[in-house]
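Hi everyone, thanks for making time this morning. I'd like to walk you through a structure, so please have a look at the sequence and the model on the screen.

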Amino acid sequence: MSPVTQLPWVTFGCFGTLVERQAGSQVVRPMADVEPMLAELRARGYRLGVLTNCDDRAFELVHRTFRQPFDLFVTSERIRGRKPAAWHFRAFEQMARVHRTHWVHVACSVNYDIAPASALGVTAVWLDRERSADPRAIGVRVHTAAQAVDVIADRLEHSSVAAAV
């Protein structure tokens with residue numbers, strides 16, 4: 001078994017976070033602010049992944065819509081489990097060989113993403129595009145992808161400094 005790496009990872013929920021939910025439509029596109037966010041995160045040296053409850057075929061269609069592929073993605077079909085089960089997050093952790101302090105998860109769902117990531121000790125960034133008043137909110141809350149980049153950089157920079165000490 002290979003050792004845990006200190007490469008910084010940023011993972012995302014899929015629908016509502018990266019792409020719009022479009023009921024009854026097969027057309028899926030990244031949200032307008034997503035590609036600039038992903039480009040900035042890549043430029044900062046972060047590895048990017050997706051944790052999704054999609055099956056492999058559905059995510060393959062989504063994945064093709066992005067300018068660059070993600071470094072790793074975990075589908076519910078691939079691991080035979082669905083978020084919010086902790087196993088979805090643990091499967092990514094094992095596949096990426098990442099330490100939880102070097103990982104930030106960004107998503108729009110408190111129930112399926114933010115709560116389970118936080119429970120495992122992964123920094124969770126709630127991308128609350130709709131500015132909801134969800135009282136269950138935990139983790140860091142932002143309203144735009146640009147704000148998410150700043151929070152991610154701050155969190156991962158602090159984890160790298162702490163690991164170096």
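I'll go through the strands, then the nonpolar cores, then the salt bridges, and end with a few backbone details. One thing up front: this is a predicted model.

Let's begin with strand 2, residues 47-52. Is this strand mostly covered or mostly open? Mostly covered: five of its six residues are buried. On one side, strand 2 pairs with strand 1, residues 9-12, in the parallel sense over four bridges. If you want a spot to look at, find phenylalanine 12, which stands opposite valine 50 in strand 2. Strand 2 also pairs with strand 3, residues 72-75, again parallel and over four bridges. There, glycine 49 stands opposite leucine 72 of strand 3. Put helix 2, residues 56-63, together with strand 2 and strand 3, and you have a right-handed β-α-β unit.

Now the inside. The largest nonpolar core has 33 residues, and the members touching the most others are Val10, Phe12, Leu18, Met37, Leu41 and Ile152. Several elements give two or more residues to this core, including strand 1, helix 1 (34-43), strand 2 and helix 2. Which element gives the largest share? That is helix 6, with seven residues.

Leucine 18 is a nice residue to click on. Leaving out residues up to four places away in sequence, leucine 18 touches Phe12, Gly13, Arg29, Pro30, Met31, Val34, Met37, Val50, Phe66 and Phe70. Apart from the largest core lies another one, of 19 residues, with Trp9, Trp103, Ile114 and Ala117 among them.

On to charges. How many salt bridges does a search of the whole structure find? Eight, and I'll show you three of them.

Start with glutamate 60 and arginine 64, whose side chains meet at 2.3 Å, N to O. Glutamate 60 is partly exposed, at 41% relative accessibility, while arginine 64 is exposed, at 60%.

Next, lysine 83 and aspartate 113, with their closest N and O atoms 2.8 Å apart. This pair links distant parts of the chain, 30 residues apart: lysine 83 sits in the loop between helix 3 and helix 4, and aspartate 113 in helix 5. Buried or exposed, this lysine 83? Buried, because its relative accessible area is 6% and the cut-off for buried is under 20%. Aspartate 113 is buried too, at 5%.

Then there is arginine 141 with aspartate 128, at 3.0 Å between the closest N and O atoms. Arginine 141 is in strand 6 and aspartate 128 in the loop between strand 5 and strand 6, so this salt bridge ties together parts that are 13 residues apart in sequence. Here arginine 141 is partly exposed, at 39%, whereas aspartate 128 is buried, at 4%.

Last, the backbone. Most residues other than glycine have a negative phi, and most peptide bonds are trans. With that in mind, go back to lysine 83: the peptide bond from lysine 83 to proline 84 is cis, with omega near 20 degrees. Proline 84 is in the loop between helix 3 and helix 4.

Two arginines have a positive phi. For arginine 97 the value is near 55 degrees, and this residue lies in the loop between helix 4 and strand 4. For arginine 131, phi is near 50 degrees, and arginine 131 is found in the loop between strand 5 and strand 6. Arginine 97 is buried, at 17% relative accessible area, but arginine 131 is exposed, at 55%.

Thanks for listening, and I'm happy to take questions.

Definitions and conventions:
Residues are numbered from 1 along each chain as its sequence is written. This is a predicted model: local features need pLDDT of at least 70, side-chain atom pairs count only at pLDDT 80 or more; totals for chains, interfaces and linings use all residues. Side-chain values use heavy atoms; hydrogens and water are left out. Buried means under 20% relative accessible area, exposed over 50%, partly exposed in between (1.4 Å probe, protein chains only). Two strands pair if DSSP finds at least two bridges between them. A crossover is right-handed if, with the strands pointing away from the viewer, the path from the first strand over the helix to the second runs clockwise. A nonpolar core is a set of buried Ala, Val, Leu, Ile, Met, Phe, Trp, Tyr and Cys residues joined through side-chain atoms within 4.5 Å. Contact means heavy atoms within 4.5 Å. A salt bridge is a side-chain nitrogen of Lys or Arg within 4 Å of a carboxyl oxygen of Asp or Glu.
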